Amino acid sequence: MRKDFLWGGATAANQYEGGYNLGGRGLSINDVEMGASHGKVREIHETIKEGCYYPSHHATDFYHHYKEDIALMAEMGFKCLRMSICWSRIYPNGDDEKVNQDGLDFYDAVFNECLKYHIEPIVTLHHFEMPLALVKKYGGWRNRKLVDLSVQYAKTVMEYYKNKVKYWITFNEINSLFIASTPWHQAGIIYQDNENKVDVMFQAAHYQLLSSALTVIEGKKINPYFQFGNMILYNCCYAMTSHPEDQMMLHDKLLPIYYFSDVQIRGKYTNTCQSYINKMNARFIIQEGDDLILQEGICDFYSFSYYSSLVEGKNVQKSTDGNLLDGGGKNPCLESTDWGWQIDPLGLRISLNLIYDRYQIPLFVSENGMGAIDILESNTVNDTYRIDYLSMHIKALKDAIEIDLVDCFGYTSWRPIDIISAGTGEMKKRYGYVYVDLDDLGQGSGKRYKKKSFYWYKTVIESNGGVL
Ligand code: BGP
């Protein structure tokens, strides 16, 4: 492993930060989204309703705990922290004339705290959130106006933090637009009965791809040393059998993944993208000049989340859960987590190889982890299951790097400190090395406790992946 390998953890403001009405922050789309139990879709309201519990409002309160939490990450030896900026903390309504200075100050303090411990911040600009006002006024990412507004937001923060942040990720899991039945998280969209879902989906995707490219172009003007990454939800997939039709179905299953990364890395709608557009019979507007923007604004590295794998084929009988409820075929060779996500460390090595073969640019594993129910006993959690999951995945990552010679420069496991789930808003689905005493309704002290995995990950980092 390279000596400067970036070990760390990944978080997202909408699931971690809280302080939803503090420091001049505007409402974000998550602030009207209730929690749900496993397998259920979260209920979304037009506005905050009395008597309802919205997990994002306080989440696990990074807003007030950032010093304590970053100190814990530093104690584990983190080299980097992937985190996101909440757009409505910077521009409360998304189209304000004036930036919210309190919001800029908050992230400035967070970055200073990271840098104090030599923790490199890796910043996602859009992680499942946007100002709620933009949904009401413009209909979310249906509207091309969002391109200009999002680039304005990106320019503001890139300029302000140009000497503190080098790594930027434009959109988290951008392909989730094509996966989630309601692309609320990704685009502030709930489909209307009178619109063609497919056309809206492809149009919103085009606007986000344009925004990503323009952000790269503008960012490189601000600081040519900035490094930009895309971010793909990568559900590794296998064909159910060796039947050629199953193999073809596997090929088709990957089209919506390549659709986004081809544009963000190769800078154009490739034949793969075009064939997916045809297959879906999608109609959307690409204006003159957009192609040049996509060509110029390509990303420097490819980042992706990896949690589990699926199978695809004609005779897939049983289905299984996955990230964002993107289920697929059940693989009889694999075990699953409590939330039904199939555990497949070798799938990570396979994915790293496939992606690197296709794009030949540096890779970054920006999310990986296991959601599980933890029991706090004697002020700690004996989470050996988490250690097992992570050590097998890191071993697979090492093999990809050391044996297959894949160029991967970092790994951030998902949620170093417990935060709420994106899929369900639950607290009881925990991933962290640090337990946070809060339940699904936000009841509890909010106190932090180190789990067994805390000490394990510290050793992993200290030994640069040598001791797993
Ligand atoms: C990804 C997201 C994260 C995260 C993770 C785990 O989709 O980028 O925000 O939450 O998956 O999902 P969940 O929280 O539903 O367990």
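Helices here are DSSP runs of H or I with at least four residues, and strands are runs of E with at least two, both numbered from the N terminus. The structure is a predicted model.

**Exercise 1. Overall form**

Task: State how many helices and strands the protein chain has, and decide whether its radius of gyration agrees with that of a compact globule.

Solution.
- Step 1. By the run criteria, the secondary structure comes to 14 helices and 14 strands.
- Step 2. For 468 residues, a compact globule would have a radius of gyration near 23 Å. The protein chain has 21 Å, so the value agrees with the rule.
- Step 3. Along the principal axes, the C-alpha atoms fill a box of roughly 60 × 60 × 45 Å.
- Step 4. Buried residues account for 61% of the 468 residues.
- Step 5. Take the contacts between residues at least 6 apart in sequence: 75% of these join residues at least 24 apart.
- Step 6. The accessible surface is about 18200 Å², and carbon and sulfur atoms hold 50% of it.

**Exercise 2. Nonpolar cores**

Task: Find the size of the largest nonpolar core and the residues with the most contacts inside it.

Solution.
- Step 1. In soluble globular proteins, nonpolar side chains tend to be buried together.
- Step 2. The largest nonpolar core of this model has 133 residues, and Tyr259, Tyr302 and Tyr457 have the most contacts inside it.
- Step 3. Helix α8, residues 197-222, gives the most to this core, with ten residues.
- Step 4. A second core is separate from it and has nine residues, among them Cys80, Ile122, Ile169 and Met231.
- Step 5. Leaving out residues up to four places away in sequence, the contacts of Tyr302 include Asn230, Tyr234, Ile257, Ile355, Tyr359 and Phe364.

**Exercise 3. Two buried residues**

Task: Locate Thr215 and His57, and list what each touches beyond four places in sequence.

Solution.
- Step 1. Thr215 lies in helix α8. Its relative accessible area is 2%, under the 20% cut-off, so Thr215 is buried.
- Step 2. Beyond four places in sequence, Thr215 touches Leu125, Val151, Ala154, Met158, Thr170 and Phe228.
- Step 3. Thr215 and Tyr153 are 62 residues apart in sequence, with a C-alpha to C-alpha distance of 9.5 Å.
- Step 4. His57 sits in the loop between α1 and α2. At a relative accessible area of 7%, His57 is also buried.
- Step 5. With the same sequence exclusion, His57 touches Gly18, Gly19, Tyr20, Asp31 and Ile48.

**Exercise 4. Salt bridges around Asp399**

Task: Identify the salt-bridge partners of Asp399 in helices α12 and α13, and classify the accessibility of Asp399 and Lys395.

Solution.
- Step 1. Side chains of opposite charge can pair when their charged atoms come close. This structure holds 31 salt bridges.
- Step 2. Arg349 and Asp399 meet at 3.7 Å, N to O. Arg349 is in helix α12 and Asp399 in helix α13 (residues 384-402), 50 residues apart, and the pair links distant parts of the chain.
- Step 3. Asp399 also meets Lys395, at 2.9 Å, N to O. These two are four residues apart in helix α13, so about one helical turn separates them.
- Step 4. Asp399 has a relative accessible area of 13% and is buried; Arg349 is buried as well. Lys395, at 42%, is partly exposed.

**Exercise 5. Helix α14 and a network**

Task: Describe the salt bridge between Glu462 and Lys458, then name the members of a salt-bridge network.

Solution.
- Step 1. The closest N and O atoms of Glu462 and Lys458 are 3.2 Å apart.
- Step 2. Both residues lie in helix α14, four residues apart, or about one turn of the helix.
- Step 3. Glu462 is exposed at 61% relative accessibility, whereas Lys458 is partly exposed at 25%.
- Step 4. A network of salt bridges links Asp374, Asp383, Arg386, Asp418, Arg430 and Lys451.

**Exercise 6. Backbone and surface**

Task: Give the phi angles of Asp61 and Asn464, and describe the surface patch that contains Ile350.

Solution.
- Step 1. Most residues other than glycine have a negative phi.
- Step 2. Asp61, in the loop between α1 (13-16) and α2 (62-76), has a positive phi of about 60°.
- Step 3. Asn464, in the segment after α14 (452-462), has a positive phi of about 50°.
- Step 4. Ile350 belongs to helix α12, residues 345-359, and is partly exposed at 32% relative accessibility.
- Step 5. Leu346, Ile350 and Leu354 form a nonpolar surface patch, with about 240 Å² of accessible area together.

Notes: Residues are numbered from 1 along each chain as its sequence is written. This is a predicted model: local features need pLDDT of at least 70, side-chain atom pairs count only at pLDDT 80 or more; totals for chains, interfaces and linings use all residues. Side-chain values use heavy atoms; hydrogens and water are left out. Patches are made of residues with over 30% relative accessible area and no salt bridge: like charges are joined within 9 Å, nonpolar side chains (Val, Leu, Ile, Met, Phe, Trp, Tyr) within 5 Å. Accessible areas come from the Shrake-Rupley method with a 1.4 Å probe; for residues, only the protein chains shown count as cover. A salt bridge is a side-chain nitrogen of Lys or Arg within 4 Å of a carboxyl oxygen of Asp or Glu. Buried means under 20% relative accessible area, exposed over 50%, partly exposed in between (1.4 Å probe, protein chains only). A nonpolar core is a set of buried Ala, Val, Leu, Ile, Met, Phe, Trp, Tyr and Cys residues joined through side-chain atoms within 4.5 Å. Contact means heavy atoms within 4.5 Å. The radius of gyration is taken over C-alpha atoms; the globule rule is 2.2 Å times the number of residues to the power 0.38.
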